[in-house]
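Visitor: Could you take me closely through a single part of this model, the strands that pair with one another and the helix that lies between them in sequence? I would like one connected account.

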Amino acid sequence: MGIRTRLEEDYDYDIVDEFLDHLDIMTEAMEPTIVALENEDGRVDKINELFEEKILSIEKELISVALDIAKEVIQKEVSENSKEIALSLAKALMEDIKDATKITIKVNPKDVKYLKEQNLQNVEIVEDDAVKEGGVVILSDIGNIDAQVPQRFKAIKEAILEGGN
């Protein structure tokens, strides 16, 4: 008699049937747990979605706070160095209108003397109380540019905040 025949004779099929019966009972008993876990999976997805929304909201708030802090720093810098800022803006913007034949630069009265001392070529510098410190308004025969610091900052802030949407 071979080993295979002996194993088949010694094999107790009742044990296998009993094992399968217990497996069915355990599977039925675990069914509520499986359903509950499937429901939890949906809840976890919802929690993850809410978490992502909150992160985006916080990120936007942090950007806004950082921009507000930057605004305060810029305002302090402008109050301390408005004439240098006005000159720098004027020079940079004059590059954009270098083909103009008539250029008038309006500046805050606090900055006018300094800009006039810089001997900018072919430019008339006039004071204007409506122009904020550090800002310039350039009028020319090819177009006008309002380069006041608050307006420039506002445009940058809007671009950053809209870019995050």
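Guide: What follows is a walk through the paired strands and helix 3, with a short look at the largest pocket. The model is a predicted one, and strand 3 (residues 136–140) is a good place to begin. Four of the five residues of strand 3 are buried, so this strand is largely enclosed by the rest of the structure. Strand 3 runs antiparallel to strand 1 (residues 103–107), to which five bridges join it, and Ile-103 has Ser-140 of strand 3 as its bridge partner. Five bridges also join strand 3 to strand 4 (residues 143–147), again in an antiparallel arrangement; here Ile-138 stands opposite Ile-145 of strand 4, and the hairpin that joins strand 3 to strand 4 passes through two residues.

Turning to helix 3 (residues 109–117), one finds Asp-111, Val-112 and Leu-115 buried. These three residues cover an arc of only 115° around the axis, which puts them on the same side of helix 3. At the start of helix 3, a side-chain oxygen of Asn-108 comes to within 2.8 Å of the backbone nitrogen of Lys-110, while just after helix 3, Asn-119 adopts a positive phi of about 50°.

As for the largest pocket, it holds about 230 Å³ of space and has a lining of 13 residues, with Lys-71, Gln-75, Val-149, Pro-150 and Phe-153 lying nearest its centre. Helix 2 (13–96) and helix 4 (149–163) each supply at least two residues of that lining, and helix 2 gives the most, with six.

Technical notes. Residues numbered from 1 in each chain as written. Predicted model: local features only at pLDDT ≥ 70, side-chain atom pairs only at ≥ 80, totals over all residues. Heavy atoms only, no water. 1 Å grid on protein atoms, 1.4 Å probe; cavity = no way out; pocket = protein on both sides within 12 Å on 5 of 7 lines; lining within 4 Å. Points joined across faces, edges and corners; volume = space filled by probe spheres on them. Buried < 20%, exposed > 50% of the residue type's maximum accessible area, 1.4 Å probe, protein only. Arc of directions from axis to C-beta. Polar contact = N/O pair within 3.5 Å; in protein donor to acceptor, adjacent residues only side chain to side chain. Pairing = 2+ DSSP bridges.
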